[in-house]
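Work through the exercises below with the structure in view. Try each task before reading its solution.

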Number of protein chains: 2
Amino acid sequence: MALIVHKYGGTSMGSVERIRNVAQRVAKWHQAGHQLVVVPSAMSGETNRLIALATQLQPQPDPRELDMIASTGEQVSVGLLAMALKAIGVEAVSYAGWQVPVRTDDAHTKARIESIDDARVRADLDAGRVVIVAGFQGVGTNGDITTLGRGGSDTSAVAIAAALKAEECLIYTDVDGVYTTDPRIVPEARRLPLITFEEMLEMASLGSKVLQIRSVEFAGKYRVKTRVLSSLTPPDMPLEVEMASGTLITFEESQAMEKAVISGIAFARDEAKITVMHVPDLPGVAYQILGPVADANIDVDMIIQNQSVDGSTDFSFTVPRADYQKALEVLNLKVRGKVKAGDIVGDPKIAKVSVVGIGMRSHVGIASRMFRTLSEEGINIQMISTSEIKISVVIEDKYLELAVRALHKAFDLEQQG
Amino acid sequence: MALIVHKYGGTSMGSVERIRNVAQRVAKWHQAGHQLVVVPSAMSGETNRLIALATQLQPQPDPRELDMIASTGEQVSVGLLAMALKAIGVEAVSYAGWQVPVRTDDAHTKARIESIDDARVRADLDAGRVVIVAGFQGVGTNGDITTLGRGGSDTSAVAIAAALKAEECLIYTDVDGVYTTDPRIVPEARRLPLITFEEMLEMASLGSKVLQIRSVEFAGKYRVKTRVLSSLTPPDMPLEVEMASGTLITFEESQAMEKAVISGIAFARDEAKITVMHVPDLPGVAYQILGPVADANIDVDMIIQNQSVDGSTDFSFTVPRADYQKALEVLNLKVRGKVKAGDIVGDPKIAKVSVVGIGMRSHVGIASRMFRTLSEEGINIQMISTSEIKISVVIEDKYLELAVRALHKAFDLEQQG
């Protein structure tokens, strides 16, 4: 008998029929002797409906009031799922975030979980009940309802699994796991049965939308064994089969050792690059450039500064494409004169492609194979950035699909790992 | 400057446009210098939508889980109204029932308010904010969400007005006040500018659906000056005009003294009558008959027992029409043999018509005028029951409209009171 957390996304909860399916799946796990905590999202479309109502009344909705409204979608889901379970004879009880309570900071619409009280949930589990906790929400320091931001139910589930020291956190979604890359671009993309936490973090932050990045961080921090798997399989499929499906995010490198050198190809096409030319090579210049950008609430992703020549260097970085014009304005107004830089140039039509893999640590030649592959396809590399387990390059936007397909093939990712 | 509670029904909150109207009306009161607490219902149709989802998953929904779900309708309303107010520059803050908190007992789906903490609301009011509290809901002794049952937002509003010692509680609805009778039956029916609490209680319990009966009881218990008025008037109508509209429920008989003897004609057509014949005239027989009926959760309204003749009497009472067959079964199975009664007869096709008026206390001849009027119309009276301020008769269902019209005319109710 183990304590297991299930999380179901909005599509899985999207209709009465689908909620019945979820209940059947949960009942199967419960009847196999496991203790179950279930974290459902709002029924698909519900959160958007509520936000649309809000923005009609107040174009920039008050964050506290928006949380009051948006949190109701999950509250409805937990009640409905409890009923669906009771209807098939499984004892169940639902809780809103504030009832557990799931305590957060007071940053409405993007709150962070600070602590979770496990007493009430544990008492119910010990009494044989399935406990259903509303995802995406919590309660702030002054008793106001908070929400964790889009995709926050993943984070809720992992955080609850951590608080309860659950054996495993199963994230049921409408894909059946994490792939070597997006199957819409590379039909040969293959599901990874296993991925390390570090790889998952890189894949998530680089644009693989399977899991919300904060939930991966949480999983890493508290070492929560997390599995991404499909909610579209028959709810009564044998438990052993289900437990072997999906992608397990592991913390044990020994498991990962047997895997391929590269786990996957991640990509993002919503960035823009900016270069500040001929920056004097003096201490404090990087801060003088990026300080005003950060003050304008613009996130900076890759940052590149090369060896200086004749006392000056070119300073490049990427920003979200939506903030490109704003970033240029900030730089021209507040930075250029101050740091005595040359021209400020940029390009919003770029894409970032990354190869990710824990095996990279112990294998030489990954970078050269990547660069050779792109070169053979005639794709120019504009920027390069590396970490211990990934290599990212910035290329011209229009070559994205070509690059992903070529790299997927070059690293033999279509082969069983 | 006074503390005023506003309550808006589901129709008044039924669309973004209508919520904007409510916000305008509230803003007008706030700008006139009043402290405002607003209690809105769920947007019309929302509670039914949620209950329909619930019953699809569990035909007899678990009451605790149903409350979890049903309470979200009002939670959405309070957030939206706060946004609508902020959008026009009025500081506002919303609260769910548990946040105030509005404490209730644990009778899910029909909870009773036990206490309301006024500290948080009062602090907001003193800071100049409009406070919006979700109607219909509270929190039970163990922290579960409870609801007060259909129409419970009226009760919430009156209870909050009582807790805050508000100057007045204004119930905005889609009718413009309490009428001498239903205008759909008697076109000459007239709005009553004033009604006493006792009269309102009789009118509400006898089928005038303007206010939920429990809210009237609350108003009476805590002497909350309550006014029923229309939410369909222009939100910017002058405050003096608005304050003179609707129907004020008063506790001062001096005001009522100037009124007509009879305030209105109430009626109900959802009852059935049952008579247990030849009941031995012994102590405890009434309990032996009605005990099992109450145990079967059947409400009993009128109860009539006449003087016995030759040691036996006929015992009659009315029950909700929906419970008629069930009541007959209970009586035949559990009562008849035990009390050695004769036949049990009944009729589901009855209606109850009542004349109500505080002036009745000091005027003789009201009953005789009522009976004469019905007699002149050829309507047979099957049962009679009286209280200090009302006379009710049971008649054949098909004569209901005729009886109401004739009585309305006989007591000159179309004249200005």
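## Exercise 1: The overall build of chain A

Chain A holds 14 helices and 20 strands. The model is a predicted one.

Task: Work out why chain A is described as being as compact as a globular protein of its length.

Solution.
1. The radius of gyration of chain A is 24 Å.
2. The globule rule gives 22 Å for 417 residues.
3. The two values are close, so chain A is as compact as a globular protein of that length.
4. For the extent in each direction, take the C-alpha trace along its principal axes: chain A spans about 75 × 50 × 35 Å.
5. Of the 417 residues in chain A, 48% are buried.
6. Among the contacts in chain A with a separation of 6 or more, 75% are between residues 24 or more positions apart.

## Exercise 2: Domains

Task: State which residues the domain assignment gives to each domain of chain A, and how far apart the C-alpha centres of the two domains lie.

Solution.
1. Domain 1 of chain A is written in two pieces, 3-175 and 210-224.
2. Domain 2 of chain A covers 254-417.
3. The C-alpha centres of domain 1 and domain 2 of chain A are 36 Å apart.

## Exercise 3: The neighbours of a strand

Task: Find which strands pair with E1(A), and in which sense, parallel or antiparallel.

Solution.
1. Locate strand E1 of chain A at residues 3-8; five of its six residues are buried.
2. Strand E2 (residues 35-40) of chain A pairs with E1(A) in the parallel sense, over six bridges. As an example, A:His6 has A:Val38 in E2(A) as its bridge partner.
3. Strand E9 (residues 168-173) of chain A also runs parallel to E1(A), and five bridges join them. Here A:Ile4 has A:Glu168 as its bridge partner.
4. Add the helix: E1(A), helix H1 (residues 16-31) of chain A and E2(A) form a right-handed β-α-β unit.

For contrast, turn to chain B. Strand E19 (residues 383-387) and strand E20 (residues 390-396) of chain B run antiparallel, joined by five bridges. B:Ser385 stands opposite B:Ser392 in E20(B), and a hairpin of two residues connects E19(B) to E20(B).

## Exercise 4: Where the chains touch

Task: Describe the side of chain B that touches chain A: which helices supply residues, and of what kinds are the residues?

Solution.
1. The contact takes 27 residues from chain B and 27 residues from chain A.
2. In chain B, helices H1 (16-31), H2 (46-57), H3 (63-70) and H4 (72-87) each supply at least two residues of this side.
3. H4(B) gives the largest share, 11 residues.
4. By kind, the residues of this side of chain B are 16 nonpolar, eight polar and three charged.
5. Now look at helix H3 (residues 63-70) of chain A, where six of the eight residues are buried. The buried residues of H3(A) include A:Leu66 and A:Met68.
6. The buried residues of H3(A) pack against H2, H4 and strand E8 (145-147) of chain A, and also against H4 and strand E3 (92-95) of chain B.

## Exercise 5: Two glycines

Task: Decide whether A:Gly79 and A:Gly365 are buried or exposed.

Solution.
1. The cut-offs are these: a residue is buried with 20 or more other C-beta atoms within 10 Å of its own, and exposed with 12 or fewer.
2. A:Gly79, in helix H4 of chain A, has 30 C-beta neighbours inside 10 Å, so A:Gly79 is buried.
3. Leaving out residues up to four places away in sequence, A:Gly79 touches A:Ser94, B:Glu65, B:Met68 and B:Ile69.
4. A:Gly365 is in the loop between strand E18 (350-356) and helix H13 (366-376) of chain A. A:Gly365 has 10 C-beta neighbours inside 10 Å, so A:Gly365 is exposed.

## Exercise 6: Backbone angles

Task: Say which peptide bond ending at A:Pro101 is cis, and what the phi of B:Lys340 is near.

Solution.
1. Start from the general case: most residues other than glycine have a negative phi, and most peptide bonds are trans.
2. The bond from A:Val100 to A:Pro101 is cis, with omega near -15 degrees. A:Pro101 lies in the loop between strands E3 and E4 of chain A.
3. In chain B, the bond from B:Val100 to B:Pro101 is cis, with omega near -15 degrees.
4. The phi of B:Lys340 is near 55 degrees, a positive value in a residue other than glycine. B:Lys340 has 12 C-beta neighbours inside 10 Å, so B:Lys340 counts as exposed.

Notes: Residues numbered from 1 in each chain as written. Chains lettered and ligands numbered in written order. Predicted model: local features only at pLDDT ≥ 70, side-chain atom pairs only at ≥ 80, totals over all residues. Helix = DSSP H or I, 4+ residues; strand = E, 2+ residues; numbered from the N terminus. Rg over C-alpha atoms; globule rule 2.2 N^0.38 Å. Contact = placed C-beta atoms within 7 Å. Nonpolar A, V, L, I, M, F, W, Y, C, P; charged D, E, K, R; others polar. Domains from an automatic or database assignment. Pairing = 2+ DSSP bridges. Right-handed = clockwise from strand over helix to strand, strands pointing away.
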